[in-house]
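Student: Could you take me through the aromatic rings in this one? I'd like a close look at how they pair up.

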Amino acid sequence: MSLSDQSTVENHSSTDIAIEQIPPHRSHDPSNNLKRSDPFQFGSRYLLPEDNPYEFNAWDHVEPSPEDLIRFESQIEVQKVTPVSEFDRIRFNTEPEKWWNKFYANNTSNFFKDRKWLQQEFPILKEVTQKNSGSRVLLEVGAGAGNTCFPILRGNENDDLMIHACDFSQKAVDLIRESEAYDETHIHAEVWDVSSPNLPLGLEEGSVDV
């Protein structure tokens, strides 16, 4: 073996050892990343003092420090002493759909990012979208512009999956229906108020799987 070949082998070995030392649930390496290989299971990614809290989408069992609790309480007190005016309280609560329609008219698809991590963080979504997993019904309440239902639909391999995407805002529902990804074979979007005594169109009590 030449010196260059030996050096290459040693470098690869060092890299392999470095990868093995990083737990899969903390690794960003595609070959050693639990979230990329299997549905991620909550309960294994603890936030340690030396960690960057913004490094991952979610952490498990985070215990706030005494300093954090003081900061949280101070922020709550600031909100208590500067409440929404009575005028705004009445107008926002009287016609909430009006303000949500305005919000989605101004934020068509540029406010929320697609939640591509859903099937990784919630294994049940991976199960119902697998091929030959049978007839499955998924209900999303507060579907917005489709940043949840469309990523799920893109990863779907189940011919019998139906997603009911419901939102309080007609404008939000229109955005979903107008999307190129909207496929009535697998998704139905409609306006629905969760406080309504009636279920969304096509759904009956006990008919939703997720």
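Tutor: Sure, let's set the scene and then go ring by ring. This is a predicted model, where local features need pLDDT of at least 70 and side-chain atom pairs count only at pLDDT 80 or more, while totals for chains, interfaces and linings use all residues. Residues are numbered from 1 along each chain as its sequence is written, and side-chain values use heavy atoms, with hydrogens and water left out.

The protein chain has 9 helices and 3 strands; these are DSSP runs numbered from the N terminus, with helices being H or I of at least four residues and strands E of at least two. In sequence order the pattern is α-α-α-α-α-α-α-β-α-β-α-β. Of the chain's 210 residues, 27% count as buried. Buried means under 20% relative accessible area, exposed means over 50%, and partly exposed is in between (1.4 Å probe, protein chains only).

Now for the rings. A pair of aromatic rings is described by the distance of the centres and the angle of the planes. Here, rings of Phe, Tyr and Trp (its six-membered ring) pair if their centres lie within 6.5 Å; planes under 30 degrees apart are stacked, over 60 edge-to-face, and the rest tilted. Searching the whole structure turns up 4 aromatic pairs. One joins F92 and W99: their ring centres are 5.1 Å apart and their planes sit at 85°, so this pair is edge-to-face. F92 is partly exposed because its relative accessible area is 34%, and W99, at 22%, also counts as partly exposed.

Next come W100 and F103, with ring centres 5.6 Å apart and planes at 80°, so they are edge-to-face too. Both lie in helix α5 (residues 96–106), 3 residues apart, which is about one turn of the helix. W100 has a relative accessible area of 42%, so it is partly exposed; F103 is partly exposed as well, at 22%. Y104 joins in here: ring pairs link W100, F103 and Y104 into a cluster.

One more aromatic residue is worth a look. F122 sits in the loop between α6 (118–121) and α7 (123–128), and with a relative accessible area of 37% F122 is partly exposed. Together with I124 and V210, F122 forms a nonpolar patch on the surface, with about 220 Å² of accessible area together.

Key:
Patch = residues over 30% accessible without salt bridge, like charges linked within 9 Å, V, L, I, M, F, W, Y side chains within 5 Å. Areas by Shrake-Rupley, 256 points an atom, 1.4 Å probe, with all protein chains shown as cover. Salt bridge = Lys/Arg side-chain N within 4 Å of Asp/Glu carboxyl O.
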